[in-house]
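Trainee: I am new to this structure and would like a close look at a single part of it. Could you take me through the aromatic rings, and then through what lies around them?

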Amino acid sequence: MMSSPNINYRSLDEELTNPFRTAANVEANQAKETKTTTAADDDENAKSLFTAAAHLDLTDPPLQQQQQHHHHQQHQHDEQEHEMDTPHTSGIMIHIVPETSKARWNHIEDLDSFFSRMYTYQQKHGFQVIVLDEVLQVLEFAFVIWLLTFTMHCIHYDILFGDKYPNKTTPSAKTTLSDVIKPAGECIDDIGIFTFIIIFMAAIYLGIRLLRTIYHIIHYADIKKFYNTALGIEDAELDNITWHEVQQKTRKVQAEQHMCIDKESLTELDIYHRVLRFKNYLVALMNKQLLPVRYNLPFLGEICSLSRGMLFNIEFILFRGPGSPFQNNWQLRDEFAVRSNQTDLAQRLSKLILGVALVNLLLAPVIFFWQLIYFSFSYANILRKEPSALGLRTWSNYGRLYLRHFNELDHELDARLNRAYEYADRYLSSFSSPLGAVIAKNLLFISGGLLLLILGFGIYEEHVFQVEHMLTIMAVLTVIGVVCRTMIPDENLIWCPEQLMTAILAHVHYLPNEWRSQAHTARVRNEFSNFFQFKAGYLLSEIFSPFVTPFVLIFVFRPKAMEIVKFFRTFTVSVRGVGNVCSFAQMDVRRHGNPDWQIGQSGQMEPPPPPHGPNTVQLPQSLVGGKTEMSLVRFTLNNPEWQMPKEASQFIKGIRVHAMGELVRAKTTNINQPAENPLTHSLISFGTIGEEYCSIANSVLAAQLSPAQLELSQSFQPQPAAAAAAAAAGAGAIGSDFRQMLQQNLSASVGPLDSMRRLRLSRAEGRLEGPGDTLLYNLYGVEPRLAKNPMGVGVADMCLSALYLHELSDQKRKARQSRIDEHIEPDDQQQQQQPGPRPGSSRGYRGPPGPPGPPPASSSSSTRHNVITSKAAESTPLLMGSIRS
């Protein structure tokens, strides 16, 4: 288990007293006592002066002269002391600055909301933009209500559509707006009781929205003061500063003013925990398959979708609503610490889900009507000019949550998915249905002929366009043509699905292992389309989600109430100065790491420990797809100053040492099949992403081995001195053939797409100088063109790390499967010769001496493994006791 001086695992019983409030009360009591004492002293002094003055007769002239003389001497004495205290001749000016600003940011109780607003403030470019956006959102709702009321009761539709002529002296006069629009009095008289009720309810909602907007503006005004005063960042500078720099300045403010009084200093991970506390839980729930993502609909079959409305309801049920497992932004309810409460908590959660679902069902028509209007108004102008916009693709909410790292902010996720967008679009465009293409070509021919006929008649006589529904027919024919063009493949383009899927994997970092070497199949294509869906499908799913969400909550999400309770109880830890967080978000590769992704301290791939061993990593404690390991690698690249725990540092170092060893072996050994080496295979795949990536891969493969690399490889792979010298001497000749073979693979598959896109500086990932120590630095250094863009070093390094870790995990899975097959066959033959189990016999692993490998699982253990992994969490205590920090 990872040990860190900033982490304190405590039970929920020990957290009943809030450390934030305790420290605040102590400080408040001390200040109160000091204030009381000072006030008492002042009262006594005032009382004595008043008593002394009462015994004096100021009308007595000798007494007045004596008192004036005393005041004159006292005034001269004060001037002399002031001259002595202020060195006029030294040329130094002394300014007395009040220290109220330091107490301004001392002890912020809800740091989660504070840091979240800080992040939003920086990403939305300051106070003016945020206020304008908040106000315009309120005005948008008011505009929609006014527009609906106006169109329903304030227009003479019979005059507008030409069914009736206005009462004018000249029948041939044109119809004006005053003829079509009703007067105000007539419009109000036409409004019925039903419309008044809708307007009244809308006014109440508008008032709530207005109060909420004022509340947000007040808080963002406080954030503005923090940026301008404490951080020294003006709003005009926000576009020229990264979140990484804001984060570092915030850590300095914490050291000076103690925003969090429970810790002396805040780490980068602490800030990420507070901003992404609930988002990290959602990422873990998605990986454990506890979110209602897949469900069956009548006549449609299995659907994979996660609408924004569904996400809002899930967050309300699990984190923010009354009765949710969290009692505030940073603390889980105390009942989750007691195992005997699991049944009651599951029943309460089930009732909460049912209640929220019934409310959604009741409000479904209203929500549907509002979303239909909102999306219509938002996309009407776009669709009028560019109907093909519906044929574009976008990352779905399901895909964004599935592909998200732990502790990954929104702008970091957006940048990563944007880099993979064109590869994903090209991958899905490489598939085409021959039957659909034939139908689309004929429909395009027919719709084009009809549209051309109407346009020809309209050019000859413009009255054709005034025929009833003629514009509607033209619009429908245009839409049919746009849809048909998207179904017809481009005959001049040839794509390689495997190459494109590799480029996608390099940027998104997570894809199911079953997709490996299956990118050309329709099954993988359909599964990937759930991540990357058409914008038209996205809009339809959002519009009709109010009718689907209640039933999904009741029949899909509600039965998982017990598993969700166990999940919160098992995978929640208490971090000192942060509160309760998801234990997976700690990125503890020793506790939550996947055995298939583990590398030993020496850089060698190590098998998982045998069952019931002292260091056993149980599968329910790990995540699928190397989520913990990949999140750790990405976080260290974007936050190179983070002081990672010992186990995390060993894991990162092990990856680089292992990669260096494979590079040395690849260049000093005559390999007939270089793809069997995970590093060379990763470099070949890495080089196919784009021109700059290909240049980096060629630079790594073409560079001569340095003495430091040879020494490093010998340190974890001992060999005789003569063999080492021979390997170093023959590295040039063997490496020449090796480079020639690899460069042929690289040069033949370089695509024209340059994926090194430049984003706005405020949206940049990590620091401007780039990461300090990376995998690419250890292998070669940095390619000169890439060195001009330090932030691109982190992007390229993460792409190579993702491909390399996937290669290593795949190699380990294959090795384990082969060992299982080798040892199951002799056992099966022995059972056929001697039927019936022997007393005390076991089909456990009795591996022969040789290179270490993962222990093969027996049939019984395999069955038990399937049962365990189908569970969402294991029945262990929520918090693993108190561990010394």
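Mentor: We will start with the rings, follow the chain outwards from them, and finish with a few contacts elsewhere.

A word on the ground rules before we begin. This is a predicted model, in which local features need pLDDT of at least 70 and side-chain atom pairs count only at pLDDT 80 or more, while totals for chains, interfaces and linings use all residues. Residues are numbered from 1 along each chain as its sequence is written, and side-chain values use heavy atoms, with hydrogens and water left out.

Now to the rings. A pair of aromatic rings is described by the distance of the centres and the angle of the planes. Here, rings of Phe, Tyr and Trp (its six-membered ring) pair if their centres lie within 6.5 Å; planes under 30 degrees apart count as stacked, over 60 as edge-to-face, and the rest as tilted. Across the whole structure, a search finds 43 aromatic pairs. One of them is Tyr281 with Phe326, an edge-to-face pair with 5.5 Å between centres and 75 degrees between planes. Tyr281 belongs to helix H12 and Phe326 to the loop between H13 and H14, so this contact ties together parts that are 45 residues apart in sequence. The helices named here (H or I, at least four residues), like the strands (E, at least two), are DSSP runs numbered from the N terminus.

Are these two rings buried or exposed? Tyr281 is buried, at 0% relative accessibility, and Phe326 is buried too, at 2%. Buried means under 20% relative accessible area, exposed means over 50%, and partly exposed is in between (1.4 Å probe, protein chains only).

Phe319 and Phe568 make another pair: their ring centres are 6.2 Å apart and their planes stand at 80 degrees, so this pair is edge-to-face. It links distant parts of the chain, with Phe319 in helix H13 and Phe568 in helix H22 (residues 561-570), 249 residues apart. Phe319 is buried at 3% relative accessibility, and Phe568 is buried at 0%. If you colour these rings in your viewer, add their partners as well: ring pairs link Phe278, Tyr281, Phe319, Phe326, Phe336, Phe406, Phe567, Phe568, Phe571 and Phe584 into a cluster.

Next, let us stay with helix H12 and look at a charged contact. Side chains of opposite charge can pair when their charged atoms come close. Arg277 and Asp112 meet in a salt bridge, with 2.7 Å from N to O; the term stands for a side-chain nitrogen of Lys or Arg within 4 Å of a carboxyl oxygen of Asp or Glu. The pair links distant parts of the chain, as Arg277 sits in helix H12 (residues 277-287) and Asp112 in helix H4 (residues 111-123), 165 residues apart. Arg277 is buried at 2% relative accessibility, and Asp112 is buried at 5%.

Asp112 leads us back to the loop after H13. Trp330 lies in that loop, between helix H13 (308-320) and helix H14 (342-385). Trp330 and Asp112 are 218 residues apart in sequence, yet 7.4 Å apart in space, C-alpha to C-alpha. Trp330 is buried, with a relative accessible area of 9%.

Here is another salt bridge for your tour. Arg251 pairs with Glu268, their closest N and O atoms being 2.7 Å apart. Arg251 lies in helix H10 (residues 243-257) and Glu268 in helix H11 (residues 268-275), so the contact ties together parts that are 17 residues apart in sequence. Arg251 is partly exposed at 25%, whereas Glu268 is buried at 1%. In the whole structure, a search finds 21 salt bridges.

Last, a link between two cysteines. A disulfide is a covalent bond between the sulfur atoms of two cysteines. The structure holds one disulfide, counted as a pair of cysteine sulfur atoms within 2.5 Å. This disulfide joins Cys154 to Cys187, with 1.7 Å from S to S. Cys154 lies in the loop between helix H5 (127-153) and helix H6 (157-160), and Cys187 in helix H8 (residues 184-190), so the pair ties together parts that are 33 residues apart in sequence. Both Cys154 and Cys187 are buried.
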